[in-house]
Amino acid sequence: MNNIPIKNRLIELLVDYLIIIVYLVLLLIVNLGIILFIFKGMPKYTEMQAQLIATFTSVIPIS
């Protein structure tokens, strides 16, 4: 059995979520920059392309 106090576990959970939120906000800023300055507007994505982009940029790195 793990003897780590619940307070320490909650602090660790909060830190993990803060790191994930910061990563996702930075990802959003970078993507918006690419869309606005390189593509000059929203490119057309198929549903499969959108799912793959979401998986490879947010789901896999966070996991």
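Colleague: Let's start with K40: is this residue buried or exposed?
Modeller: This is a predicted model, and K40 is found in the loop between α1 and α2 (47–62). A residue counts as exposed when its relative accessible area is over 50%. K40 has a relative accessibility of 68%, so K40 counts as exposed.

Colleague: What is the value of phi for K40?
Modeller: The place to look is just after α1. K40 is a residue other than glycine, and its phi is positive. The value is about 55 degrees.

Colleague: Which residue has its backbone oxygen 2.9 Å from a polar atom of the K40 side chain?
Modeller: A polar contact is a pair of N or O atoms within 3.5 Å, and the distance here is 2.9 Å. The backbone oxygen belongs to F37.

Colleague: How many helices and strands does the protein chain have?
Modeller: One helix is α1, which covers residues 6–38. Another is α2, at 47–62. For the protein chain, the count is two helices and zero strands.

Colleague: Is the chain spread out or compact, judged by its radius of gyration?
Modeller: For 63 residues the globule rule gives 11 Å, whereas the radius of gyration of the protein chain is 17 Å. The C-alpha trace spans about 55 × 25 × 10 Å along its principal axes. Because 17 Å is well over 11 Å, the chain is more spread out than a compact globule.

Colleague: What percentage of the residues in the protein chain are buried?
Modeller: Buried means under 20% relative accessible area. The protein chain exposes about 5700 Å², and carbon and sulfur atoms supply 74% of that area. Of the 63 residues, the buried share is 5%.

Colleague: How far apart are the end C-alpha atoms of α1?
Modeller: Helix α1 has 33 residues, and at 1.5 Å a residue they should span 48 Å. The distance in the model agrees with that expectation, at 47 Å.

Colleague: How far apart in space are K7 and I34, C-alpha to C-alpha?
Modeller: K7 has its place in helix α1, and I34 is found in helix α1 too. K7 counts as exposed at 60% relative accessibility, while I34 counts as partly exposed at 32%. The two are 27 residues apart in sequence, and in space they are 41 Å apart.

Colleague: Which helix gives the largest share of the nonpolar surface patch?
Modeller: The patch has about 1100 Å² of accessible area together, and its members include L28, V30, I34 and F37. V30 is in helix α1 and counts as partly exposed at 48% relative accessibility. Seven residues of the patch come from one helix, α1.

Colleague: Is L27 buried or exposed?
Modeller: L27 lies in helix α1. The cut-off for buried is under 20% relative accessible area. L27 has 17% relative accessibility, so L27 counts as buried.

Colleague: How far apart in space are L27 and T57, C-alpha to C-alpha?
Modeller: In sequence, L27 and T57 are 30 residues apart. For another pair, V30 and T46 are 16 residues apart in sequence and 21 Å apart in space. For L27 and T57, the distance in space is 7.9 Å.

Colleague: Which residue has the backbone oxygen that the S58 side chain reaches?
Modeller: S58 has its place in helix α2. At 18% relative accessibility, S58 counts as buried. Its side chain comes to 2.6 Å from the backbone oxygen of A54.

Terms used:
Residues numbered from 1 in each chain as written. Predicted model: local features only at pLDDT ≥ 70, side-chain atom pairs only at ≥ 80, totals over all residues. Heavy atoms only, no water. Patch = residues over 30% accessible without salt bridge, like charges linked within 9 Å, V, L, I, M, F, W, Y side chains within 5 Å. Areas by Shrake-Rupley, 256 points an atom, 1.4 Å probe, with all protein chains shown as cover. Salt bridge = Lys/Arg side-chain N within 4 Å of Asp/Glu carboxyl O. Helix = DSSP H or I, 4+ residues; strand = E, 2+ residues; numbered from the N terminus. Buried < 20%, exposed > 50% of the residue type's maximum accessible area, 1.4 Å probe, protein only. Rg over C-alpha atoms; globule rule 2.2 N^0.38 Å. Expected span 1.5 Å × (residues − 1). Polar contact = N/O pair within 3.5 Å; in protein donor to acceptor, adjacent residues only side chain to side chain.
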